[in-house]
Structures are given as C-alpha cells and as structure tokens.
Amino acid sequence: MDRPFKRVKKAAWLGGVCAGLAYALGAPTWLIRALWLLLFLGAGIGGLIYLVLWLVVPQWPQEPLDYDTVTA
C-alpha cells in the first residue's frame, strides 16, 4: 500500500470508504464495492465495519489527481 487509506468523497456512493480503499490498494472500485456487498449480505457485519470506517478514516481534502488511473 503505497498510498494512504483515506476516504475519497468525490467518488463516493455513501461515505467514500470503498473508493478510498480501492485507491489505497490500487484495485478497481467496483471490485471493492462488490466484495463489500458480499461481506454485508453474507456475514452481515459489512455494514457495521463500513460505519466504523466512515467515522474513523479521514477524508482526502480533494480527490487525488491519479485516482482514475489507479482505480481503473
């Protein structure tokens, strides 16, 4: 993880947690969102983890310039 894990609000559907995690890992945003949905529907704990991360993880002041190329 070369990039820090911070929420990306501009690319957010809710709080920007999945977009920020995708950016930090260098993975496609849709993949992180799909995995999060499976975690939410399968184990039921995904929603609670998302809420905690939404409250704890800081937000980027603006979208990183290379966000689209990293998460494509």
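The following paragraphs describe a predicted model, moving from its annotated region to its first helix, its nonpolar cores and its largest pocket.

The UniProt record, an unreviewed entry, assigns residues 4–59 the annotation "domain: Phage shock protein PspC N-terminal". Within the model this span is 61% helix and 0% strand. The C-alpha atoms at the two ends of residues 4–59 lie 11 Å apart.

Helix α1 offers a suitable entry into the interior. It is mostly covered, with 8 of its 9 residues buried. The buried positions of α1 are Val17, Cys18, Ala19, Gly20, Leu21, Ala22, Tyr23 and Ala24. Among the elements that cover these buried residues are α2, α3 and α4 (67–70). Directly after α1 comes Gly26, which has a positive phi, near 75°.

The side chains of α1 lead to the nonpolar cores. The largest nonpolar core consists of 8 residues, namely Val17, Cys18, Leu21, Ala22, Ala27, Ile32, Trp36 and Tyr50. Both α1 (17–25) and α2 (29–42) supply at least two residues of this core, and the greatest contribution, 4 residues, is that of α1. A second core, separate from this one, has 7 residues, including Val8, Ala19, Tyr23 and Val70. Helix α1 thus has Val17 and Cys18 in the largest core, while Ala19 and Tyr23, also buried in α1, belong to the second.

Cys18 deserves particular attention. Leaving aside residues up to four places away in sequence, Cys18 touches Ile32, Arg33, Trp36 and Tyr50. Of these partners, Ile32, Trp36 and Tyr50 are members of the largest nonpolar core, as is Cys18 itself.

The surroundings of Cys18 also bear on the largest pocket. This pocket has a volume of about 270 Å³. It is lined by 16 residues, of which Leu14, Cys18, Arg33, Trp36 and Tyr50 are the closest to its centre. The elements giving two or more residues to the lining are α1, α2 and α3 (46–56). The largest share of the lining, 4 residues, is provided by α2, whereas in the largest nonpolar core α1 gives the most. In composition, the lining comprises 11 nonpolar residues, 4 polar residues and 1 charged residue.

Core and pocket therefore meet in shared residues: Cys18, Trp36 and Tyr50 belong to the largest nonpolar core, a set of buried residues joined through side-chain atoms within 4.5 Å, and these residues are also among those closest to the centre of the largest pocket. Arg33, likewise among the residues closest to that centre, is one of the contacts of Cys18.

Methods: Residues are numbered from 1 along each chain as its sequence is written. This is a predicted model: local features need pLDDT of at least 70, side-chain atom pairs count only at pLDDT 80 or more; totals for chains, interfaces and linings use all residues. Side-chain values use heavy atoms; hydrogens and water are left out. Buried means under 20% relative accessible area, exposed over 50%, partly exposed in between (1.4 Å probe, protein chains only). Contact means heavy atoms within 4.5 Å. On a 1 Å grid over the protein atoms alone, a cavity is a set of points where a 1.4 Å probe fits but cannot get out, and a pocket is an open set with protein on both sides within 12 Å along at least five of seven lines; lining residues have an atom within 4 Å of a point. Grid points are joined across faces, edges and corners, and a volume is the space filled by probe spheres set on the points. Ala, Val, Leu, Ile, Met, Phe, Trp, Tyr, Cys and Pro count as nonpolar, Asp, Glu, Lys and Arg as charged, and the others, Gly among them, as polar. UniProt positions are given in the numbering used here, feature names are shortened, and annotations may be inferred rather than shown by experiment.
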